[in-house]
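Hi,

Here is the structure I said I would pass on. Have a look at it first, and then read my notes underneath.

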Amino acid sequence: MRLLRRSRLTLAQKEDLWALFFIAPWLIGFLVFTAGPMLVSFSFSLTRYNIVDAPIFIGLENYVRAFGRDPLFWHSLRVTLYYGALSLPLGLLVGFGLSLLLNQKIPFLSLWRTIYFLPSVIAGVAVAIVWSRIFSPQGGLLNPFLERTFGIKGPGWFTDPNWAIPGLVIMSLWGVGGGVIIYLAGLQGIPTSLYDAARVDGANALQRFRYITLPMMTPVLFYMLVLGLIGAFQYFTEVYVISGGSGGPQRATLFYNLYLYQNAFKFNEMGYASALAWVLFLIVLALTLLVFRSSALWVYYEGEVRKR
Amino acid sequence: MASIEVQRMQPPATVMHNRLQSMRLQSLVGRALATVVIATGALIILIPFLFMLSTSLKSKNQLRAVPPPLIPWEMTMVEVTGKREPLYRVTIDGETREMALVKNQPGGMGVFVDPFHPEQSVTLKIAEQTPVRHVELHPENYVEAMTAVPLPRYLLNTLIVTFVGMTGVLISCTMVAYGFSRFRAPWLSWLFIVLLSTIMLPRQVTLIPVYVLFQRLGWVDTLLPLIVPTFFANAYDVFLIRQFFMTIPLEMDDAAKIDGASPMQTLWHVLVPQATPVIVTVALFHFLYAWNDFYEPLIFLHSQKNWTMAVGLQTFNALYAVNTHLIMAAGVVMVIPPVLLFFLAQRHFIQGVVVSGVKG
């Protein structure tokens, strides 16, 4: 009896040990590369630290500096939000619109899908370089095109502080195809029986869109919105390449993440950069929670029991 | 019985027929319009690719054309009394001839001569004549780009980071996903929530301490900071693989267990062979991520011999901005592997995007 119980206990323990063994890579990685660094990062944010000398404790000074005395902090927030406010709704509209068209049983669907997804495969430095040349006011592709077809004299784009962000937004629309694939899959997942039932009831195309397609798609649209918001705060590679890491012209593209990078790795202000990272973290957290909270108002989940 | 009822509710046949026809026409027009819009969009998406490719094949002289043509045209030149002069198609009294422009004159006029009979000359407005041009490609730009900067070295570094990292991700994430899908300890579900919540943690929050850690270890300016963390799994890929494992029936595991297989053997011989679709997807996504990533290589790699393609290309662009053709050649080299891989494994890519996007 005693023997049996002990062997049963060791069996459960053995299972636990195996489980621990399998998740060990993540657990160790979590402690060493995530949890530990998070704590350290927070304590760095309370110091002045240039990586060479030992950190000096200065309390909340870095946060006071960011919110109270650093116009560039506010500027970089504005740049980021301005970009997000333009690129997110536009991207959502264009992406969703294209996916609705692609869902019309048009010919060569898989070809279009391939082409639209292509930009997502090479996102990064090469793309930014190509676009910087396309937008270039000297020998670029876009301005002569605007001049010839619409008679518009194109702006200086990435050399003009007023046009740099709109330029980046246009560039981001080029990569909208990744979202198109996701929307398209969502659209194709809507049961056709719903549309059939609506047709029998005499619903026209607009009504079918308003009362079936849109509500069924809100979870996907919602997911893309959250991702896009977080993405705007992490935006980096394209602006780094286009502005040469400066955030120019005249700091017009000094995105939050770029400003953080400059503080950490150009000015060696590791303490201040850590504070900026924590502010970033809180912003992302707040935005995500906000969108999740508000989602009850406008996101429809199938199988959800509506509370009155 | 149901069919009878449906029939009774339908309008008379002729009305039905007319309505159907107009609906069909409507949807046909709609679909044609949709196709036009989609095709235009596809063209816009392809233009930057064409621009990159064509620029990479142009000579420095061809780069000067404004606006830059998408086809690498070159002016056709002919020899006239020992000098090379541009050839034009000129119209004289309604007759078209090919003549060389030998001299510019004020007021946009030019002296054109017949290349075979240089004594026959005519003065015409240059803007009204069409230059003769031909396609001229300069593939030697690629060789020149390779020697202007150590592209082969960048490629080697990128390949090491990408493939060793891919191995790390596959081994660690498969193991961790197995741990989270096949064991029942209560603390596991808590840890799984912790794992999921790390997906939304911005990497900037941990970056600086991790940088300091790698600096203390003497790993900064080596490839190690880009490779070693991959062996410690990441939340996103663990989640994807675990979701797939959850769909594989437990009976298979039990059968293996009864046959005396250890958990490690069960994972390797029972689950992994069935999970190849998700494993391929994770491998492809990691390839793309590692190949294109700029942020971490920029931070961790300082000396040129350690740069990956992304950092090397950025620096090339910043330092040799005038050599657009060479930069584009290097860009094409960087872009070819992901594009090729995408065409070969499209289905897995799109499936992966869909699974993580819609069901995730």
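Below are the things I found, starting with chain B and ending with chain A.

First, a caution: this is a predicted model, so please read everything with that in mind.

Let's begin with the strands in chain B. Strand E4 of chain B covers residues 95–105, and strand E5 of chain B covers residues 109–114. These two pair in the antiparallel sense, over five bridges. If you want a spot to zoom in on, Ala100(B) has Val113(B) in E5(B) as its bridge partner. The hairpin of E4(B) and E5(B) has three residues between the strands, and Gly107(B) takes a positive phi there, near 80°.

E5(B) also pairs with strand E6 of chain B, residues 117–125. Those two run antiparallel as well, joined by six bridges. Met109(B) stands opposite Lys125(B) of E6(B). Here the hairpin that joins E5(B) to E6(B) goes through two residues.

Next, helix H11 of chain B, residues 276–292. Does its length fit, or not fit, what its 17 residues should span at 1.5 Å a residue? The expected span is 24 Å and the end C-alpha atoms are 24 Å apart, so the two agree. H11(B) is also largely enclosed by the rest of the structure, because 12 of its 17 residues are buried. Among the buried ones are Phe285(B), His286(B), Phe287(B) and Trp291(B). Towards the start of the list you'll find Val278(B) and Ile279(B), which are buried too.

Now over to chain A, where a few backbone oddities turned up. As background, most residues other than glycine have a negative phi, and most peptide bonds are trans. Against that, these three places are worth a look:

- Gly248(A) and Pro249(A) are joined by a cis peptide bond, with omega about 0°. Pro249(A) sits in the loop between helix H11 (237–243) and helix H12 (256–266) of chain A.
- Phe108(A) is not a glycine, yet its phi is positive, near 60°. You'll find Phe108(A) in the loop between helix H3 (71–102) and helix H4 (109–121) of chain A. Phe108(A) counts as partly exposed because it has 13 C-beta neighbours inside 10 Å.
- Asn268(A) isn't a glycine either, and has a positive phi of about 55°. Its loop lies between H12 and helix H13 (270–298) of chain A. With 14 other C-beta atoms within 10 Å, Asn268(A) is partly exposed.

Happy browsing!

Note on methods
Residues are numbered from 1 along each chain as its sequence is written. Chains are lettered from A and ligands numbered from 1 in the order in which they are written. This is a predicted model: local features need pLDDT of at least 70, side-chain atom pairs count only at pLDDT 80 or more; totals for chains, interfaces and linings use all residues. Two strands pair if DSSP finds at least two bridges between them. Helices (H or I, at least four residues) and strands (E, at least two) are DSSP runs, numbered from the N terminus. A residue is buried if 20 or more other C-beta atoms lie within 10 Å of its own, exposed if 12 or fewer, and partly exposed in between; C-beta atoms are placed from the backbone. The expected span of a helix is 1.5 Å times one less than its number of residues.
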